[in-house]
Amino acid sequence: AESSAARAQMGACIREFVERVPAPYRAVLVLADVEGLTNGEVAAATGLSLENVKIRLHRGRARLRELLEAGCDLHRDDRNELACDRHTAR
């Protein structure tokens with residue numbers, strides 16, 4: 001139960017940061033990394049070229065990484081699960 005709660009909390013944290021990614025990148029990021037679609041499937045779903053999907057996915061992941069690094073410290077907890085310690089407002 002504790003592990004499930006920790007995963008739910010981590011998921012909520014990640015979703016919050018995903019929502020901050022600019023919309024054109026967020027849409028591709030969610031389809032590929034959350035929904036599990038292949039790049040080709042994302043291209044078909046969005047009407048974008050495969051090359052454009054790859055570019056937006058790369059830029060979206062880079063922006064998400066920047067947001068996460070600025071907003072929290074990601075680490076592995078004692079159960080070796082991904083955990084986030086949020087930065088406090090300064």
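Hi everyone, let me start with the charges. The protein chain carries 14 positive and 14 negative charges, and the mean positions of the two sets lie 5 Å apart. Before I go on, please keep in mind that this is a predicted model.

Now the overall layout. There are four helices and two strands in the protein chain, and along the sequence they come in the order α-α-α-α-β-β. If you lay the C-alpha trace along its principal axes, it spans about 40 × 35 × 15 Å. The chain has 90 residues, and 27% of them are buried. For those of you who think in surface terms, the accessible surface is about 6100 Å², with carbon and sulfur atoms holding 51% of it. And if we take the contacts with a separation of 6 or more, 48% are between residues 24 or more positions apart.

Let's go inside. Which residues touch the most other members of the largest nonpolar core? They are Phe-17 and Leu-64, in a core of 16 residues. Two or more residues of this core come from each of helix H1 (2-18), helix H2 (23-34), helix H3 (39-46) and helix H4 (50-71). H4 is the biggest giver here, with five residues. As general background, nonpolar side chains in soluble globular proteins tend to be buried together.

Stay with Leu-64 for a moment. Leaving aside residues up to four places away in sequence, Leu-64 touches Phe-17, Val-18, Val-21 and Leu-29. So much for Leu-64; on to another leucine.

Leu-68 sits in helix H4. Is Leu-68 buried or exposed? Its relative accessibility is 11%, so Leu-68 counts as buried, the cut-off being under 20%. Again leaving out residues up to four places away in sequence, Leu-68 touches Ile-14, Phe-17 and Leu-74. You can also set Leu-68 against Glu-19: the two are 49 residues apart in sequence, and their C-alpha atoms are 12 Å apart in space.

That contact with Leu-74 is a handy way into the strands. Strand E1 covers residues 72-76 and strand E2 covers residues 82-86; they run antiparallel and are joined by five bridges. Leu-74 has Cys-84 in E2 as its bridge partner, while Arg-76 is partnered with Leu-82 in E2. What do E1 and E2 form together? They make a hairpin, with five residues between the two strands. If you like backbone torsions, look at Asn-80 in the turn, where phi is positive, at about 65°. A general reminder while you have the strands on screen: in a regular strand, side chains alternate between the two faces of the sheet.

One last stop, for contrast with the buried leucine. Gly-47 is in the loop between H3 and H4. Gly-47 is exposed, because its relative accessible area is 66% and the cut-off for exposed is over 50%. Measuring from C-alpha to C-alpha in the model, Gly-47 and Pro-24 are 12 Å apart in space, with their positions 23 residues apart in sequence terms. Put simply, Gly-47 and Pro-24 are 23 residues apart in sequence. Thanks for listening!

Definitions and conventions: Residues numbered from 1 in each chain as written. Predicted model: local features only at pLDDT ≥ 70, side-chain atom pairs only at ≥ 80, totals over all residues. Heavy atoms only, no water. Buried < 20%, exposed > 50% of the residue type's maximum accessible area, 1.4 Å probe, protein only. Contact = heavy atoms within 4.5 Å. Areas by Shrake-Rupley, 256 points an atom, 1.4 Å probe, with all protein chains shown as cover. Lys, Arg positive; Asp, Glu negative; His and termini not counted. Charge placed at Lys NZ, Arg CZ, Asp CG, Glu CD. Pairing = 2+ DSSP bridges. Core = buried A, V, L, I, M, F, W, Y, C linked by side-chain atoms within 4.5 Å.
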